Amino acid sequence: MKKILITGASGYIGKCLFYFLKKKYEVIGIDKENDSEKKIYKCNVLNTKKLEKILFKAKPNLIVHLAAQSLVDETINKKKYYTNNVLATKSLITAMKKNNLNKIIFSSTAAVYQKNSKPLKENSKLKALSTYAKTKLICEKNIKKQKNINSVILRFFNVCSALDRPIIGELHNPETHLIPTISYKAMFNKKIYIYGNDFPTHDGTCIRDYIHIKDICSAIQKSAKYLLENKKSTILNVGNKKGLSNNQIVNFTKKNLKKKIDIKYVQRRKGDVAMLVCNSDKAKKIISWSAQNSNLKKILNDEMIWIKKFRRMGISRKFKNYL
Ligand SMILES: NC(=O)c1ccc[n+]([C@@H]2O[C@H](COP(=O)([O-])OP(=O)(O)OC[C@H]3O[C@@H](n4cnc5c(N)ncnc54)[C@H](O)[C@@H]3O)[C@@H](O)[C@H]2O)c1
């Protein structure tokens with residue numbers, strides 16, 4: 001059985017992926033945070049020496065690199081993004097080279113593209129606006145220039161919702177993503193703040209492409225198969241090919257949950273563009289992947305199942321400031 005190592009395995013995508021891949025691969029993980037799962041080892045990717053030792057012992061056939069400073073918030077110190085994204089990725093590459101490991105899947109983001117009112121293709125113009133996206137673009141370039149390493153760079157659009165078996169999903173602190181915020185706040189009748197209603201879109205609110213975590217996991221699994229069977233590298237978009245505005249999500253959630261939702265529009269966030277919608281035709285062609293679980297009804301239903309689970313465990317979702 002092939003062995004896959006996931007960095008950032010205690011995070012949202014990492015934890016879901018860990019259980020998803022276990023059906024087909026031997027999976028181990030590392031994360032800088034403690035984890036109750038015994039196959040997820042505590043290690044900061046920046047600690048190259050410790051990482052080298054783990055890779056030497058584990059000898060994974062492939063690495064999925066998810067560890068990052070992933071919260072998009074321009075108030076976070078720029079150095080934190082640079083260290084946790086650029087330097088951590090460099091450290092991982094050094095440790096891989098030392099162990100002659102040559103296959104990596106890297107989690108990048110749709111935020112690397114220049115603003116565009118059309119669905120984005122992998123060769124659409126790039127222009128990272130946020131510090132987060134800038135550091136992801138530097139990592140992409142660094143990975144691509146490695147002569148002896150094959151890579152699949154996946155540009156994720158807005159990842160959301162939860163796996164149903166086992167039930168596991170997103171629990172960031174603070175939570176800033178729209179789907180977990182709206183589902184949770186609607187359930188508890190709390191006010192929802194929407195960033196900006198003056199964007200050049202049909203209803204003035206931002207349009208994004210929401211992709212179910214199960215589809216993300218299957219895209220990573222298919223990328224792993226591609227890398228394990230080929231000595232090639234590629235960049236692929238991973239999204240649902242469908243844009244939804246914030247207002248459309250609010251209205252759908254109201255109907256779906258049969259709840260009144262109290263909305264307040266607040267200032268735009270720096271770095272937010274009006275529209276990010278994916279063209280994933282290349283992923284279909286190269287790895288035979290397309291989104292299968294990303295309709296909004298399934299996204300919200302699976303998210304509600306996850307919320308009910310962590311509430312039963314006495315856990316609450318945390319939001320920033322007035323949010
Ligand atoms: N969630 C999304 O919508 C989305 C969209 C695009 C791209 N991505 C990318 O996918 C990846 C995973 O996202 P997520 O939502 O699961 O993020 P997350 O914040 O939930 O998880 C990241 C995990 O990485 C760990 N980590 C961070 N720095 C580390 C380090 N130096 N060493 C070891 N562990 C470290 C954290 O402890 C955390 O458990 C990130 O790289 C993110 O940028 C996510």
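**Exercise 1. Which of the 26 residues around the ligand come nearest?**

Let's work through it; keep in mind that this is a predicted model.

- Step 1: Start with the shell. Of its 26 residues, the nearest are D31, N44, Y132, K136 and H172.
- Step 2: Zoom in on K136. One of its polar side-chain atoms sits 2.7 Å from an oxygen atom of the ligand.
- Step 3: Now look at the backbone. I13 places a backbone N or O atom 2.8 Å from a ligand oxygen atom, and a polar backbone atom of V45 is 2.8 Å from a nitrogen atom of the ligand.
- Step 4: Check the cover. On its own the ligand has 830 Å² of accessible area, and the protein covers 92% of that.

**Exercise 2. Work out what the shell around the ligand is made of.**

- Step 1: Sort the residues by type. You get 11 nonpolar, 11 polar and four charged.
- Step 2: Find the elements that give at least two residues each: α1 (12-21), β5 (103-109) and α4 (131-144).
- Step 3: Pick the top contributor. That's β5, with three residues, the largest share.

**Exercise 3. Test the length of helix α9 (residues 296-312) and see how the helix packs.**

- Step 1: Use 1.5 Å a residue. The 17 residues of α9 should span 24 Å, and the end C-alpha atoms are 24 Å apart, so the two agree.
- Step 2: List buried residues of α9, among them L296, I299, W306 and F310, but also D302 and E303.
- Step 3: Look for their partners. The buried residues of α9 pack against several elements, including β7 (158-160), α5 (178-187) and α7 (246-257).
- Step 4: Go just past the helix. G314 has a positive phi of about 80 degrees.

Definitions and conventions: Residues are numbered from 1 along each chain as its sequence is written. This is a predicted model: local features need pLDDT of at least 70, side-chain atom pairs count only at pLDDT 80 or more; totals for chains, interfaces and linings use all residues. Side-chain values use heavy atoms; hydrogens and water are left out. A residue is near a molecule or strand if one of its heavy atoms lies within 4 Å of it. A polar contact is a pair of N or O atoms within 3.5 Å; within protein, one must be able to donate a hydrogen and the other to accept it, and residues adjacent in sequence count only if both atoms are side-chain atoms. Accessible areas come from the Shrake-Rupley method with a 1.4 Å probe; for residues, only the protein chains shown count as cover. Helices (H or I, at least four residues) and strands (E, at least two) are DSSP runs, numbered from the N terminus. Ala, Val, Leu, Ile, Met, Phe, Trp, Tyr, Cys and Pro count as nonpolar, Asp, Glu, Lys and Arg as charged, and the others, Gly among them, as polar. The expected span of a helix is 1.5 Å times one less than its number of residues. Buried means under 20% relative accessible area, exposed over 50%, partly exposed in between (1.4 Å probe, protein chains only). Contact means heavy atoms within 4.5 Å.
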